[in-house]
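I set aside this session to go through one model and to write down what I looked up, entry by entry. I start from a single pair of residues and work outwards.

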Amino acid sequence: MKQMSPLQEIRHSAAHIMATAVLRLYPEAKLDIGPPTDTGFYYDFDIEHKFTAEDLKGIEAEMKNVVKERQPFERIEVTRQEAENFFREIGQNYKIGRLADIPEGESITYYRNGEFVDLCAGTHVEDTGRVRAFKLLNVAGAYHRGSEKNKQLQRIYGTAFPDKKELKKYLHQLEEAKKRDHRKIGKYLQLFHIDEDVGQGLILWTPAGAIIRQQLQNFIAEELRKQGYDQVFTPHIGKLGLFRTSGHFPYYSDSQYPPIVHRAELSHLAEEGCSCAELSNKIDGGEIDGYLLKPMNCPMHIKLYASQPRSYRDLPVRLAEFGTVYRWEQSGELTGMTRVRGFTQDDAHLFCTDEQVSAEIEGCLYLVKVILSTLGMSDYRVRVGLRADDSEKYAGNLENWNKAEKVLLEVAENMGVPFTKEIGEAAFYGPKIDFVVRDVIGREWQLGTVQVDYSLPERFDLSYVGADNKPHRPVLIHRAPFGSMERFCGVLIEHFAGNFPTWLAPEQVRLLPITDNQNEFAQNIFDQLFSKGIRASIDSQSDKLGAKIRRAETEKVPYMLILGAKEAEQEMVSVRSRVNKENEGSLTVEDFIARVEKEIETRALPNS
Ligand SMILES: [Zn+2]
Ligand SMILES: [Zn+2]
C-alpha cells in the first residue's frame, strides 16, 4: 500500500464516491479505475449510454447523498481467488483484468463504502463525509489502458479540495485558463498548426509562431554565449548501437519511435524466413543494426566531447544545441504544443570536473532566473529529484549518487527559491532539478531540468587528462531548463494570453491609413520600420477606422499607427498602444521608432 497525501486521499475518495453514485444511477456501468490526478480525480466507465453535461449534474447530486451518508471506507483483505469470483459474479470484468496486474505475493484488498466495493490498494479518508468540496468537470473518451487497440471508455473528470473556498478559487482559475488556452489562441493568431497528415503531436510552426520561437531562441542563445557555451548542431538520427551504449535502447523502446532498418535488409531477412518476433529480437540484440530517431541529444554531444583529447584546462566543455528529439506518447496524452511527439529541447551538456559541478549548476540556475524574470515569470520553484533507496533501476555507484545529491541540495538551498525534495523522482542515471513556474493566473507548469550524470561518462569511457597528467572521468550535466521550445511557447501563449511583449510579438506595428489617400504615406512609414527590422503591416482594407482598430486589437498587435490627412501633411504618426487602448498623441516617425526600438532592445514586458 502506498500512502497517499491528504489531498490525494480526498480526491481518490471522491472517485469512489462518484463510482458509487454512477452505479446507483446506471447499474449497468462497468468500472475500470479511478485514481487521483494532480488537479483532481477521474473514473473510467464502460457504458452504452453517452454521459452528457446534464448527467454529470445528476451524478454530482447523488454524490452529495453518498457524502451525507458518511459511509466509512473499510479495508478488506481477500485472496486472489475470492476477488476473482466476486468480480465475476457482479460482472465487473475490468476489475478482473486489473487484478491480474497485482504481482504474486502482494496483498489484495477491497475497499468498501456503503453498498460499493472496489478493488483498491488505498488509501482513503475515514468516511465519505470527509469529502466536502468537489465538482464534476467534464467527460471525455479514454482508451482502456491508454491503448487505441482497446475499447474507448468514458472518463468523468472531477476535482476536490479540502474546503469550498479552495475549490472556488480553482474553478475560477479553470475559467481563466479556458480563455487562455494556447490551442484556441494559437489557432486564432495562427501561431502553429497540427495536421493529421503529418502526424499527431508534431508541430508545424507558422510564420507568426516561428517568429516567437526564433526570438526566444536568439535570447536564450545570447545568454548561453555570455555563460561560455558553444553552439553545436547534430543529426536527427543515429545508429542503434550508439543508443545501446547510452542505455536508451532497447530499455526505453516504449517511449521511442520504432528503429529504422533499411528495407533491403528487411526483405533479405524475410526471404530467409525470419519471423517478426525473431526480427525484433535481432534488432534489440544488436544483430541487425539500424538507426534511431533520436530520443535524446546526449549521445551525440558526448561523441563531440570524445572527438578530441581533453585536458583539465579545457573543462568545463559546454555544448549547447536546440536539438530536436522524438518520443512516443500515447495519442490520448497529446495536447496542443504542451504534450507532443517531436520537440526541440533548449539542450546542453556540460562536461566538467567533480570540483566544478556545483558552480556549473549554479550557472544553470542563474540562467533560468534571468530568462524567466525577463518573461515576467518570477514566481517559480524547484523540485530536487532524489533516488529511492530500495530501487535497483539506477545506474552508477552509490558514492557518486550521494555526492551529486548533496551538491544539488546545496545549490538549491543557496539560490533562495523555494524547493522540495522528491524521493524516487531522480533519473535513472542521476539526481535532477526540475523547474516549476507559476503563471499569471496561478497555474503551475513543469518546464525542464538540470541533471547530474556520473553514468554516461562511464558507459562512453570519457576522460580528460588532469593536472597530475593522469586520465580522469568527467562529470556530465544535462540541462534543458525550459524543456522544449514547443512546450515553452505553449506556456507563454497562455501566460501572456496572446498579448506578447513587443520583442516577441509576430507583428509589432499595424499601420492604419484612414482613407486610400494615405496609402502612399503608409507605405513610406512601412519602409522605414522595415529597414529598422520592426515587423509591421498595413491594413489597407476598405473598412472604417474603428473596424481596423478592433481588428488590430483582437489580433493583439502591440502598436497601431493611425494615419490621416493631417498626419500625412505633418509627417507625424498618431500612436495607439495595445496596453493603453487610447490615442496617445502624435509623434514623429523617428521618435516612434526610437520608442519601439528601446522596448525591443530591453525586452520590456507589456505593462512595464
Ligand atoms: Zn481506492
Ligand atoms: Zn542529455
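**Entry 1: a bridge and its sheet**

I looked up valine 452 and found that its bridge partner in E21 is isoleucine 477. I keep in mind throughout that this is a predicted model. The two strands concerned, E18 and strand E21 (residues 475–480), pair in the antiparallel sense over five bridges. Helix H12 (residues 357–374) packs on the sheet, where I found it touching E14, strand E15 (380–386), strand E17 (432–438), E18 and E21, and its direction makes about 10° with that of E21. I then traced the sheet as a whole, which is open, has eight strands in the order E10-E13-E14-E21-E18-E17-E15-E16, and is mixed in its pairing. Strand E10 (230–231) and strand E16 (419–423) are its edge strands, each pairing on one side only.

**Entry 2: the largest nonpolar core**

Which residues touch the most other members of the largest nonpolar core? I noted Ile361, Leu408, Ile477, Leu511, Leu561 and Leu563, in a core of 90 residues. H15 gives the most to this core, with seven residues. Domain 2 (204–236 + 296–496) and domain 4 (509–601) both contribute residues, so the core lies between them. I followed isoleucine 361 further and, leaving out residues up to four places away in sequence, found that it touches Val407, Leu408, Val411, Val450 and Ile477. Apart from this core lies another, of 35 residues, among them Val22, Tyr43, Phe73 and Val131.

**Entry 3: helix H15**

I went next to helix H15 (residues 485–496), whose twelve residues reach 16 Å from the first C-alpha to the last, close to the 16 Å expected at 1.5 Å a residue. Is this helix enclosed or exposed? Twelve of its twelve residues are buried, so H15 is largely enclosed by the rest of the structure. The buried residues include the charged-type names I wanted to check, Glu486, Arg487 and Glu494, as well as Phe488, Leu492 and Phe496. For their surroundings I recorded packing against helix H5 (164–180), helix H6 (182–188), helix H7 (207–226), strand E13 (317–326), strand E14 (342–352) and strand E18 (444–453). Just after H15, alanine 497 takes a positive phi of about 50°.

**Entry 4: the four-stranded sheet**

I also looked up an open sheet of four strands, in the order E1-E2-E7-E6, with antiparallel pairing. Its edge strands are strand E1 (30–31) and strand E6 (133–143), each of which pairs on one side only. Strand E2 (residues 41–46) and strand E7 (residues 152–161) pair in the antiparallel sense over five bridges, and phenylalanine 45 has glutamine 154 as its bridge partner in E7. H5 packs on this sheet, touching E6 and E7, with its direction at about 45° to that of E6. Helix H2 (residues 53–68) lies across E6 and E7 and runs at about 130° to E6.

**Entry 5: the whole chain**

I closed with the protein chain as a whole, which is divided into domain 1 (6–172), domain 2 (204–236 + 296–496), domain 3 (238–293) and domain 4 (509–601). The centres of domain 3 and domain 4, taken over C-alpha atoms, are separated by 58 Å. I counted 19 helices and 26 strands, and the C-alpha trace spans about 90 × 75 × 60 Å along its principal axes. Of the 608 residues, 35% are buried.

Methods: Residues numbered from 1 in each chain as written. Chains lettered and ligands numbered in written order. Predicted model: local features only at pLDDT ≥ 70, side-chain atom pairs only at ≥ 80, totals over all residues. Expected span 1.5 Å × (residues − 1). Buried ≥ 20, exposed ≤ 12 C-beta atoms within 10 Å, placed from the backbone. Contact = placed C-beta atoms within 7 Å. Domains from an automatic or database assignment. Pairing = 2+ DSSP bridges. Axes fitted to C-alpha atoms, helices over the stretch in contact; angles between N-to-C directions. Core = buried A, V, L, I, M, F, W, Y, C linked by C-beta atoms within 7 Å.
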